Amino acid sequence: MMISEKMNAELNAQIAAEFTAAHQYLAMACSLDAMGLKVLCKWFTRQYQEETQHARKIIDYLQEVGGPVELDAVDKPTRDFADVDAIVAASLEAELDITRKINEIMALAESENDYATRSFITWFVDEQVEEVASMTDLVNLVKMAGGNLLQVEARIRHEMTAAKS
Ligand code: MG
């Protein structure tokens, strides 16, 4: 095994954290669909897919470095959000929490002179900058719209179409 047992445990915990984030985003997507917000539902579904890919990336890494993969329980998602504001605020909090966890893994890699994991986790450090930025944009967009959710939907539809081309 190329990494320490402690690092192995941290990375297994991160797999569970990524799947928990995925599960929470999927629950939010379902809440948004139930509110009739189809575009926001699609955007959150894409977040859900990204989080499962993050978990997959860590699984692949652990298999490469010979650390046993131990899948853990996924937390029960919150479903009773009052409105879209509550959903985006909770999402931003969750992304900041994931960022702290990724930073802790980076700090551990540095303290252990674990250059392989440091190199691997750098991708996640960069990814979290993007995730926090895009969620902050969404929080601000919802705030600016002042309850006009059709405007939020139109803007996000436009951005998602632009991103594809
Ligand atoms: Mg993630």
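**Exercise 1. Helix length**

What distance should the 28 residues of α2 span at 1.5 Å a residue, and how far apart are its end C-alpha atoms?

*Solution.* The model is a predicted one. Step one: take the rise of 1.5 Å and apply it to one less than the number of residues. For the 28 residues of α2 this gives an expected span of 40 Å. Step two: compare with the model, where the end C-alpha atoms of α2 are 41 Å apart, which agrees. Step three: look past the helix end. G66 comes just after α2 and has a positive phi of about 80 degrees.

**Exercise 2. The metal site**

Find which residues coordinate the magnesium ion, and at what distances. Then place the two glutamates in the fold.

*Solution.* Step one: list the donors. They are E18 (OE), E51 (OE) and H54 (ND1), at 2.0 to 2.2 Å. Step two: write the spacing of the donor residues in sequence, E-x32-E-x2-H. Step three: assign helices. E18 belongs to α1 and E51 to α2, so this pair ties together parts that lie 33 residues apart in sequence. Step four: check burial, for which the cut-off is under 20% relative accessible area. E18 has 0%, so E18 is buried. E51 has 1%, so E51 is buried too.

**Exercise 3. Salt bridges on helices**

A search of the whole structure finds 6 salt bridges. Work through the pair R56 and D60, then the network that holds D97.

*Solution.* Step one: recall the principle. Side chains of opposite charge can pair when their charged atoms come close. Step two: take R56 and D60, whose closest N and O atoms are 2.7 Å apart. The two residues are 4 apart in helix α2, and therefore about one helical turn separates them. An α-helix has 3.6 residues a turn, so residues three or four places apart point the same way. R56 is partly exposed at 42% relative accessibility, and D60 is partly exposed at 35%.

Step three: move to α3. D97 forms a salt bridge with R100 at 3.8 Å, N to O, and one with K101 at 2.7 Å, N to O. R100 and D97 are 3 residues apart in helix α3, about one turn. K101 and D97 are 4 residues apart in that helix, again about one turn. Step four: join the pairs. D97, R100 and K101 form a network of salt bridges. Step five: classify exposure. R100 is partly exposed at 45%. D97 is partly exposed at 31%, and K101 is partly exposed at 31%.

**Exercise 4. Two pockets**

Describe the largest pocket and the second largest pocket by volume and lining.

*Solution.* Step one: the largest pocket holds about 380 Å³ of space. It is lined by 18 residues, and those closest to its centre are W43, R46, S134, D137 and E159. Elements giving two or more residues to this lining are α2, α4 and α5. The largest share, 9 residues, is from α4. By class, the lining of the largest pocket has 7 nonpolar, 3 polar and 8 charged residues.

Step two: the second largest pocket has a volume of about 280 Å³. Its lining has 17 residues, with A17, T20, A21, Q24 and A94 closest to the centre. At least two lining residues come from each of α1 and α3. The largest share, 7 residues, belongs to α3. By class, the lining of the second largest pocket has 8 nonpolar, 4 polar and 5 charged residues.

**Exercise 5. A backbone check**

Where does N113 lie, and what is its phi?

*Solution.* Step one: N113 sits in the loop between α3 and α4. Step two: its phi is near 50 degrees, a positive value in a residue other than glycine.

Methods
Residues are numbered from 1 along each chain as its sequence is written. This is a predicted model: local features need pLDDT of at least 70, side-chain atom pairs count only at pLDDT 80 or more; totals for chains, interfaces and linings use all residues. Side-chain values use heavy atoms; hydrogens and water are left out. On a 1 Å grid over the protein atoms alone, a cavity is a set of points where a 1.4 Å probe fits but cannot get out, and a pocket is an open set with protein on both sides within 12 Å along at least five of seven lines; lining residues have an atom within 4 Å of a point. Grid points are joined across faces, edges and corners, and a volume is the space filled by probe spheres set on the points. Ala, Val, Leu, Ile, Met, Phe, Trp, Tyr, Cys and Pro count as nonpolar, Asp, Glu, Lys and Arg as charged, and the others, Gly among them, as polar. Donors are N, O and S atoms within 2.8 Å of the metal (3.2 Å for Na, K and Ca); water is not among the atoms, so sites may look incomplete. Buried means under 20% relative accessible area, exposed over 50%, partly exposed in between (1.4 Å probe, protein chains only). A salt bridge is a side-chain nitrogen of Lys or Arg within 4 Å of a carboxyl oxygen of Asp or Glu.
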